[in-house]
Amino acid sequence: MKAVGARLPRYDGVGHVTGQTQYVDDVRVPGMLWAKALRSPVDHAAITRFDTTKAEAMHGVHAVVTWRDVPLLEFGHLSALGIPADEPLLAKDEVRYKGQPIALVAADDLATAQAAVEAIEIEYENRPTLFDVRKAFDADAPKIHSWGNWYPHFEGEMDRRQIRKGNIDEAFDNADKIISGVYRPAAIEHVPIETQIALAVPEPDGRITIYSCTQALYFSLGVVAAHLEVPMNKIKIVGGTVGGGFGGKVDTAADTLAAIAAMKAARPVKWRWTREEEFLASSTRAPWHMEIIDAVTNDGWILGRKMLTLHDSGAYARFSPYGLTKHSFHHTGAYTIPNLHFDGYVVFTNRTPTTAMRGFGVTSISFAVETHMNRVADEMGFDPYEFRLKNANRINDTSPNRIRYTDPSSVDVIHAIADAAGEELAPAYAAATRDPREGDMLPEHLVGQLKTEGH
Amino acid sequence: MAKHRGFGISSIEYPTGMNQNGDPSQAWIKVKPDGRVDVFSGTADIGNGAKTIQSQIVAEAIGVPYDWVTFDNSNTDSSPVCTGTFASRATFVAGNAVLKAAKDVKQKILEIAGKEMEISPDDLEIVDGEVLVKGAPTEKLGVADVAVAATWTHGVLMTGTGAQLNEFAEIVDPETGEVSGPPHAAISYAACAAEVEVDDETGDVRVLRLIQAYDVGTAINPSLVEGQIEGGALMGLGLGVLENSYPYYPSTDHRGYSIGSYYMPSSEDMPSYETIIIENPSADGPYGAKGIGEMANNGQPGAIAAAVHDAVGVWISELPISPELVLRALEAKAEPRREGKLVAFDDEKSVNTVATGISWTP
Amino acid sequence: MKFDLNGETVEVQSPPLTTLLTVLREEMGVTSPKVGCDQGGCGACTVLVDGKPQRTCLTPVAAVDGASVTTIEGLGDSEHLTAVQQSFVHHYAAQCGFCTPAMIISATAYIDAGGSSDHVEIQEALKGHACRCTGYQKIVNAVAAAVTQSDFDLTTTTPTPNTVIKTANPAVKTGG
């Protein structure tokens, strides 16, 4: 009996329907303490006073963890990709977003932990805030990071992601119309039904076990080991069964602090985020600001595209440089555009750091490019199916970064929805295939960019 | 004071694997003394069905029943590296790792079987848990018996290992963005058509129907693929018309803090889903598979925005397409700025209007 | 105080205003009702109280004094799956599974109260249950089928009707 292609039931299907599937919150460990976090109530401030003495002295409190307890306070999750650290695990002398964690309390029960959080004495001196990515470059904009408001460490220490291809000026000169638009998709929440959670258990042999909701066991193992400055075998991440993630459980948001609290208290510590924390303090999908300008001919070819992207990274970089890079690689969408001028910035604002969410970097392109395509079609009187089929990727077309498309199925999927929608296409378009361009589908301006060899 | 129907389309593409690659996944497999198969993979199952898919791949590749396969992704002591369940890589990259491990252990099974049956392993195959002679299927030996022989006659532990690592694609020129090789493991394509109903008095946008076509390479488990498509569709609908972490963006004020004050789609927001799965096998994916998980929520917002324009004649270029935005747009009836060849929409939102430190000219 | 939990009388040690959710999970060790939001918004904590679905995160345990409480463990187990449980497996109605036990509780109550297989009615009956993974379609398919059917093939799963799988036109590859 074939397994591949078969509609076999879920491996964990029976476990799910009987309530037997075990998530982190279902793990029971003797002597377990409960944790609560102190989080910044303000968008941007210096911390002028910070005293945990009263909290530590409370009956039932076993540990109060602050930045002093973190062996390596700043670790860039994507440092292997050249993205340096810029974010402390716990705030030290300033906070840059509302909800930023400042301390973690481990106590006998949730009520005691919460009372101890409220007993921490802390004072803030508000700083000017920056929320609008467009204003981040203004001379009088408040500075979020010491060097400014955008990420400066792309390759060659460039302060932006760039794509340049062909001759954009010539494309704009040759166009019959130049059409521009501004696209702004919002930040949204992942909303997994299981909130962020970690249960850290010190083991008799000196190791620490972390029951984790991570989407990436080894990625989180590396992050925790880096912050604790220990080899990987000092930590055991237990997980693999997650109550929804959608990109929000890669940040390793709870594991490290739970581990430090457990080590300090010498007791197991569970840190389960409330739904309020999940909404107000966990990382979100990024808001994007995109300006697209297309050079288009009357017979339906997109000669060139100029694009400016401002990616709202929130207060820290996290994975944003990676997301913007991916965004730039895909900014032509499913279409072949030979002349390109793309500039993208990772911009910092005083909001919760943004992170990966389903489609990271490209979801924004899909909305912006497709809405722009539909606007162009409407403006110039093109049929939206035909306009897409004409410009859709073919074998031997090349991508923004000069990679050959070897087997694009853009034509197939457009045909499929046209068919399902009862749309009758003109014969030339109904007959389109993904084969290399020729005849009417190969205009002069695309001849030079076809690649038949290599990548 | 009326409801208007509209229709709009989008077509998209999406890469499989981490951007620029360099993301390893590894797996190892052992055979128990009764022939059952234990798989150790580091891939988290976040609901996407990694446990299911990888077990199917192993069962198929070795030739044993699906329920002979035990899957353990539970911890970092027994499982090897998997970069993670993101970047739509669980089926392609991690799947390839278990596939390689399965082929490796299959070879070990055939070698022991060959000794037992006194036949070259090259002339043997495994079907439904039995080792058969190719072309003479009456001659057989159960995998269970092979495992017994391995354990108690030959003193061999039958294991297999596999690792998948697609070459890291360097950016060879940061000024142009040119890369040294494909910065993805595969590319998938999809298209979406949306039918909406817009109430011009309340601004409410109801998504009635989503027609979606996805090229998934090979559907290793079609029900699982549908689950991603349907789940992704509703998430895309939320992104398109309902959800906003910052309702007063860019301000951080008045954020929703509960399921209720943050508008996550409920069962009553469901459109009707019409799903077309296209199999256009990838060159290097396990059994030709490609990724689907993330792309599933990318096509809807663009199709919905076009459908809203078709319904009531306004372009909304922000998300979510909230009732407020629809009503303001209906009121403003804004026209683009037209100057010669130039047709400029949304001037008021551009950096040219709002900023002093950055500008942008067509 | 005491209540009947899945057919057994249990005595409560926790203070009377402790939520039933906390009592079930932390005192009784029954972890199938989940802490999804603790705000009454997601439905993942739902159990049957005297046969009716109720959010345990909003129920002080004192309120179930003398009542009968049924969690998914009291409906069926892996050896004896109920029709609804079987239908969920057969229709691929669970992905991450976190919302599933509570969803099945409410679906069971809906069917026992005479609910129909009409999809719109099922969507309305389950609107208090947040699911982020499935898009709800296969949950609705599963509940609709369980209205009339009590046995399901657990070795395979059934697609959403009208889903089509097609092979792409073969590509004519040239060069390179």
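**Exercise 1. Helix H6 of chain C**

Task: In this predicted model, find helix H6 (residues 137-148) of chain C and decide whether it is largely enclosed or not, and why.

Solution.
- Step 1. Recall the cut-off. A residue is buried if 20 or more other C-beta atoms lie within 10 Å of its own.
- Step 2. Apply it along the helix. The buried residues in H6(C) are C:Gln137, C:Lys138, C:Ile139, C:Val140, C:Asn141, C:Ala142, C:Val143, C:Ala144, C:Ala145 and C:Ala146.
- Step 3. Conclude. Ten of the twelve residues of H6(C) are buried, so the helix is largely enclosed by the rest of the structure.
- Step 4. Look for the cover. Chain C contributes H3, H4 and helix H5 (119-125). Chain B contributes too: its helix H4 (222-242) and strand S13 (272-279) are included in the cover.

**Exercise 2. Strand S1 of chain B**

Task: Locate strand S1 (residues 3-16) of chain B and state how many of its residues are buried. Then name the strand joined to S1(B) and the direction of the pair.

Solution.
- Step 1. Count burial. In S1(B), ten of the 14 residues are buried, so the strand is largely enclosed by the rest of the structure.
- Step 2. Find the partner. S1(B) is joined by 14 bridges to strand S11 (residues 186-199) of chain B.
- Step 3. Give the direction. S1(B) and S11(B) run antiparallel.
- Step 4. Check one position. Opposite B:Phe7 stands B:Glu195 in S11(B).

**Exercise 3. A pairing across two chains**

Task: Find which strand of chain B is joined to strand S8 (residues 177-183) of chain A.

Solution.
- Step 1. Follow the bridges. Three of them link S8 of chain A to strand S15 (residues 342-344) of chain B.
- Step 2. Give the direction. These two strands run parallel.
- Step 3. Check one position. A:Ile178 faces B:Leu342 in S15(B).

**Exercise 4. Contacts between chains**

Task: Describe the contact of chain A with chain B, then the contact of chain A with chain C.

Solution.
- Step 1. Take chains A and B. Here 113 residues of chain B touch 113 residues of chain A.
- Step 2. Sort the chain B side. It has 58 nonpolar, 38 polar and 17 charged residues.
- Step 3. Take chains A and C. Chain C gives 44 residues to this contact, and chain A gives 39.
- Step 4. Name the elements of chain C. Helix H2 (72-75), helix H3 (83-90) and helix H4 (100-112) each give two or more residues.
- Step 5. Sort the chain C side. It holds 22 nonpolar, 17 polar and five charged residues.

**Exercise 5. Domains**

Task: Give the domains of chain A and of chain B, with the separation of their centres over C-alpha atoms.

Solution.
- Step 1. Divide chain A. Domain 1 covers 13-126 + 190-280, and domain 2 covers 155-186 + 284-447.
- Step 2. Add the distance and contact. The centres of the two domains of chain A are 39 Å apart. Each of these domains puts 17 residues into the contact.
- Step 3. Sort the domain 1 side in chain A. It has six nonpolar, six polar and five charged residues.
- Step 4. Divide chain B. Domain 1 is 3-15 + 184-327, and domain 2 is 21-164.
- Step 5. Add the distance and contact. The centres of the two domains of chain B lie 37 Å apart. Domain 1 of chain B gives 16 residues to the contact, and domain 2 gives 15.
- Step 6. Sort the domain 1 side in chain B. Nine residues are nonpolar, five polar and two charged.

**Exercise 6. Backbone exceptions**

Task: Study the backbone at B:Pro250, B:Pro320, A:Arg318 and B:Ala87.

Solution.
- Step 1. Recall the rule. Most residues other than glycine have a negative phi, and most peptide bonds are trans.
- Step 2. Check the peptide bonds. B:Tyr249 to B:Pro250 is cis, with omega near 10°. B:Leu319 to B:Pro320 is also cis, with omega about -5°.
- Step 3. Place the prolines. B:Pro250 sits in the loop between H4 and S13 of chain B. B:Pro320 sits in the loop between helix H5 (300-312) and helix H6 (323-332) of chain B.
- Step 4. Check phi. A:Arg318 has a positive phi near 45°. B:Ala87 has a positive phi of about 55°.
- Step 5. Test burial. A:Arg318 has 25 C-beta neighbours inside 10 Å, so it counts as buried. B:Ala87 has 28 inside 10 Å, so it counts as buried.

**Exercise 7. Confidence**

Task: State the pLDDT of chain C and find where it stays under 50.

Solution.
- Step 1. Take the average. Chain C averages 94, and 95% of the residues score at least 70.
- Step 2. Find the low stretch. In residues 171-176 of chain C, pLDDT stays under 50.

Key. Residues are numbered from 1 along each chain as its sequence is written. Chains are lettered from A and ligands numbered from 1 in the order in which they are written. This is a predicted model: local features need pLDDT of at least 70, side-chain atom pairs count only at pLDDT 80 or more; totals for chains, interfaces and linings use all residues. Domain bounds come from an automatic or database domain assignment. Two residues are in contact if their C-beta atoms, placed from the backbone, lie within 7 Å. Ala, Val, Leu, Ile, Met, Phe, Trp, Tyr, Cys and Pro count as nonpolar, Asp, Glu, Lys and Arg as charged, and the others, Gly among them, as polar. Two strands pair if DSSP finds at least two bridges between them. Helices (H or I, at least four residues) and strands (E, at least two) are DSSP runs, numbered from the N terminus. pLDDT is the predictor's confidence in each residue, from 0 to 100.
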